[in-house]
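Here are some short exercises to help you find your way around a new structure. Try each task by yourself before you read its solution.

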Amino acid sequence: MQTEHSFVSQYLAEVKTIVDAFDPESIERMVTLLAAVRERGGRLFILGVGGSAANASHAVNDFRKLAGVEAYAPTDNVSELTARTNDEGWATVFQAWLSCSRLCAADAILVLSVGGGNLEKNVSPNLVAALDYARSRSAAILGIVGRDGGYTAQVADACLVIPTVNAARITPHAEAFQAIIWHLLVSHPSIKRVETKWESVR
């Protein structure tokens, strides 16, 4: 039987294993794409559901405030989100939002998701529809996802798949590392523009 102490040790060991398994080149491709979006005056739309929606909201703040990237998360407007869900259906909420925002080739979407979307399993069909729409508009596609990466990993221009080191903890690791990676991105010298508050306090 696993003790509480051994659980903590195992969880932290899993975190270390995930970090060691990361592909730095995937992250560098994200940096290059994001810097290019800002340079051409494009916008970044960050898509996530559940815990990833909360991460999307936080990430929007960091990209806007620290990196000077015009960024938005559709899930930040609960009125529009629930109206579209109620009237038009869950599967099209992001696609319709992006359409209203006139997504174009200058823009990018960043998918934060545990599974990346999978139509066959009817998991996050709204992400799949949004990805297809982004492709039709020639927008750049980035992803930070778990499991096998799902549809996001199949179509993204740059995607980091959080390795599965324990099938019992796919979700907590994926959502936790979304935060680590977007903080890495906004801290990268090619993207960061503004000093974070506590680092500037002497």
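Helices (H or I, at least four residues) and strands (E, at least two) are DSSP runs, and they are numbered from the N terminus. Keep in mind that this is a predicted model.

**Exercise 1. Find out how far strand E1 (residues 43-47) is enclosed by the rest of the structure.**

Step 1. Use the cut-off: a residue is buried when its relative accessible area is under 20%.

Step 2. Look at the two faces of E1 in turn. On one side are Arg43, Phe45 and Leu47, and on the other are Leu44 and Ile46; all of them are buried. This fits a general pattern: side chains in a regular strand alternate between the two faces of the sheet.

Step 3. Conclude. Five of the five residues of E1 are buried, so the strand is largely enclosed by the rest of the structure.

**Exercise 2. Name the strands that pair with E1, and place E1 in its sheet.**

Step 1. Take strand E2 (residues 70-72). E2 runs parallel to E1 and is joined to it by three bridges, with Phe45 opposite Tyr72.

Step 2. Take strand E3 (residues 108-113). Four bridges link E3 to E1, again in the parallel sense. Here Ile46 stands opposite Leu110, while Phe45 has Ile109 as its bridge partner.

Step 3. Put the strands in order. The open sheet has five strands, E2-E1-E3-E4-E5, with parallel pairing. E2 and E5 (158-161) stand at the edges with a single partner strand each, so one side of each has no neighbour in the sheet. On average, neighbouring strands of this sheet are turned by 15 degrees against each other, direction ignored.

**Exercise 3. Identify helices that go with these strands.**

Step 1. Follow the chain from E1 through helix H3 (residues 51-67) to E2: together they make a right-handed β-α-β unit.

Step 2. Find helix H5 (residues 93-100). H5 lies across E1, E2 and E3, at about 165 degrees to E1.

Step 3. Find helix H2 (residues 24-39). H2 lies across E1, E3, E4 (140-145) and E5, and runs at about 140 degrees to E5.

**Exercise 4. Decide whether Gly146 is buried or exposed, and list what it touches.**

Step 1. Locate Gly146 in the loop between E4 and helix H7 (150-155).

Step 2. Check its accessibility: the relative accessible area is 0%, so Gly146 is buried.

Step 3. List the contacts. Leaving aside residues up to four places away in sequence, Gly146 touches Ser113, Val114, Gly115, Val161, Ile162 and Ala174.

**Exercise 5. Work out what is unusual about phi in Asn122 and Ser138.**

Step 1. Recall the general rule: most residues other than glycine have a negative phi.

Step 2. Compare Asn122 with that rule. Asn122 is not a glycine, yet its phi is positive, near 55 degrees. This residue lies in the loop between E3 and helix H6 (125-136), and counts as exposed at 59% relative accessibility.

Step 3. Do the same for Ser138. Its phi is about 60 degrees, also positive in a residue that is not a glycine. Ser138 sits in the loop between H6 and E4, and its relative accessible area of 52% makes it exposed.

How values were computed: Residues numbered from 1 in each chain as written. Predicted model: local features only at pLDDT ≥ 70, side-chain atom pairs only at ≥ 80, totals over all residues. Heavy atoms only, no water. Buried < 20%, exposed > 50% of the residue type's maximum accessible area, 1.4 Å probe, protein only. Pairing = 2+ DSSP bridges. Right-handed = clockwise from strand over helix to strand, strands pointing away. Axes fitted to C-alpha atoms, helices over the stretch in contact; angles between N-to-C directions. Contact = heavy atoms within 4.5 Å.
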